[in-house]
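Hi everyone, thanks for making time for this. I'd like to walk you through one model, with the picture up on the screen while I talk.

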Amino acid sequence: MTNQPKIAVLLVAAGTGERFGGSMPKQYLPLLGRPLLRWCIDAFRRHSAISAVYTVIHADHQTEYAAAAEGLDLPAPIIGGGTRQESVRRGLEKIAALSKPDFILIHDAARPGISDMLISDICASLQRHDAVIPGLAVADTVRRKTGNAVRTESRDGLYAVQTPQAFRFDTILALHQKYADRSVTDDAALCEFSGPAIHIIHGDRDNFKVTQGGDLGAMEQALSARCGDIRTGSGYDVHKLVPPAGDRKLMICGIDVPHDMVLDGHSDADVGLHAITDALLATICDGDIGMHFSPKDNRWKNADSAKFLRHAADLVAEQQGIITHIDVTIICEAPKIGPQREKMRARIADILAMPTSRISVKATTTEGLGFTGRREGIAAESVVTVRLPFGSRGNVTQDDIRNWGT
């Protein structure tokens with residue numbers, strides 16, 4: 001008889017990020033093409049040992065959360081409280097009412113560097129322990145300053161503690177409810193009041209918390225360093241120019257371009273976005289746009305091609321990829337692309353959650369030669385650069401955990 005554990009995750013994203021500064025809460029800031037929170041969501045969603053991912057958010061951040069979780073089938077976000085501790089308790093109580101898991105991993109959304117290996121190590125440790133936390137042994141000399149006196153402290157046994165912190169679900173829920181009136185800085189502190197014993201495993205230096213403004217750049221470097229497999233993909237698309245019918249518009253690179261002709265196609269026929277989509281699919285060797293969005297499928301009739309581009313970007317993200325550069329060239333005699341260039345760059349940046357500094361849009365003509373020279377159609381070609389990890393490391397599979405608890 002087997003007893004496979006159900007392991008869920010609660011992401012704590014209810015803070016306002018006051019220490020970080022800026023108008024947008026840090027958990028929703030763009031980080032290498034994805035909102036910071038999305039990195040956390042994706043890390044746990046793709047891990048085979050995790051059964052569900054829940055997020056607790058601030059009541060005022062529902063629009064930002066919807067954008068960060070766009071396209072994902074996730075439980076509705078849970079509204080947090082006035083403190084982290086209250087937010088976690090509310091999250092646990094809501095999860096208990098929905099579908100109580102055996103174990104819960106509680107993770108701060110300001111730690112987007114969480115790795116597959118660390119998740120695997122924590123889940124594996126839950127076979128033997130009811131409370132597991134990652135930590136890094138303090139390596140620096142530690143001194144305590146009291147007034148004008150400075151004294152060296154022993155660093156033996158000292159750890160800098162990280163998240164996710166993992167617990168048997170019933171236990172941590174009961175502790176949060178029992179000690180709701182006590183202020184603690186993390187969930188494991190509640191175990192110090194009345195058990196269970198805390199087991200510390202080795203953490204990950206890249207799993208640091210984004211707290212100050214400079215931390216975001218450091219996290220970008222850490223995440224990029226994981227992805228040493230640098231790939232280039234190319235895409236090419238052509239659509240015929242026809243007189244406009246109904247309310248159809250000429251769409252190029254996601255914007256409506258004024259012109260007396262429009263592009264013919266099953267979707268909105270956006271040659272620019274189609275070329276970029278194919279280029280992204282090429283980097284992960286996943287076919288072409290027609291394989292994912294068949295022109296024979298009425299679901300995509302007059303569809304906004306931004307959906308296609310987002311889908312390709314999501315597939316790259318599922319493989320832990322980072323889109324680092326987009327280049328697209330529009331080939332036509334008319335309309336003039338130059339006046340629309342910056343709007344196109346901004347729209348592509350918006351679709352892919354990338355800075356415009358990583359997106360190039362340019363145009364050329366064929367000097368009156370060929371179908372583009374005769375103004376019969378418009379073509380586009382794109383080259384993109386994507387960074388991918390060379391392979392997954394240490395991922396706990398369902399086979400690995402099938403006999404837990406026997």
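Let me start with the labels: helices are DSSP runs of H or I with at least four residues, strands are E runs with at least two, and both are numbered from the N terminus. Please keep in mind that this is a predicted model.

With those labels, we can place a proline. Pro196 sits in the loop that runs between α6, residues 188–194, and β12, residues 199–202. The peptide bond leading into Pro196 from Gly195 is cis, and its omega is near 0°. There is a cis bond from Thr163 to Pro164 as well, with omega near 10°. Pro164 is found in the loop between β10 (159–161) and β11 (165–168).

While we're on the backbone, have a look at Gln320. What is its phi, given that it is not a glycine? The phi of Gln320 is positive, about 65°. This residue belongs to the loop between α10 and β17. Why point these spots out? Because most residues other than glycine have a negative phi, and most peptide bonds are trans.

Now to the pocket, which I suspect some of you are waiting for. The largest pocket holds about 910 Å³ of space. Its lining consists of 35 residues, and those nearest the centre are Pro35, Arg38, Ala67, Asp314 and Ile351. Several elements contribute two or more residues to that lining: β3 (34–35), α1 (36–45), α2 (62–68), α10 (306–318), β17 (322–331) and α11 (341–352). Which of them gives the most? That would be α10, with nine residues. As for the chemistry, the lining has 19 nonpolar residues, 12 charged and four polar.

Let's stay with α10 and look at its helix partners. One of them is α11: the two axes come within 9 Å and cross at roughly 50°. α10 and α11 are therefore oblique to each other, and their crossing is right-handed. From α10, the contact uses Ala306, Leu309, Arg310 and Ala313, while α11 brings Arg347, Ile351 and Leu352. That comes to five nonpolar residues and two charged ones, with no polar residues. You may recognise Ile351 of α11 from the list of residues nearest the pocket centre.

Another partner is α8, residues 271–283, whose axis comes within 9 Å of that of α10, with a crossing of roughly 15°. Angles under 35 degrees count as roughly parallel, and so α8 is roughly parallel to α10. Here the crossing is left-handed. On the α8 side we have Leu273, His274, Ile276, Thr277, Leu280, Leu281 and Thr283; on the α10 side, Ala306, Phe308, Leu309, Ala312, Ala313, Leu315 and Val316. By class, this contact has 11 nonpolar and three polar residues, and no charged ones.

One more helix pair, and then I'm done. The axes of α3 (residues 84–99) and α5 (residues 169–178) come within 10 Å and cross at roughly 135°. α3 and α5 are therefore oblique to each other, and the crossing is left-handed. Which residues of α3 meet α5? They are Gln85, Val88, Arg89, Leu92, Glu93, Ile95 and Ala96, and they face Phe169, Ile172, Leu173, His176 and Gln177 in α5. This contact includes seven nonpolar, three polar and two charged residues.

If you take one thing back to your desks, let it be α10: this helix gives the most residues to the lining of the largest pocket, and α10 also meets α8 and α11. Thanks for listening, and I'm happy to rotate the model for anyone who would like another look.

Terms used
Residues numbered from 1 in each chain as written. Predicted model: local features only at pLDDT ≥ 70, side-chain atom pairs only at ≥ 80, totals over all residues. Heavy atoms only, no water. 1 Å grid on protein atoms, 1.4 Å probe; cavity = no way out; pocket = protein on both sides within 12 Å on 5 of 7 lines; lining within 4 Å. Points joined across faces, edges and corners; volume = space filled by probe spheres on them. Nonpolar A, V, L, I, M, F, W, Y, C, P; charged D, E, K, R; others polar. Axes fitted to C-alpha atoms, helices over the stretch in contact; angles between N-to-C directions. Parallel < 35°, antiparallel > 145°, perpendicular 65-115°, else oblique. Left-handed = near helix turned anticlockwise from the far one by under 90°. Contact = heavy atoms within 4.5 Å.
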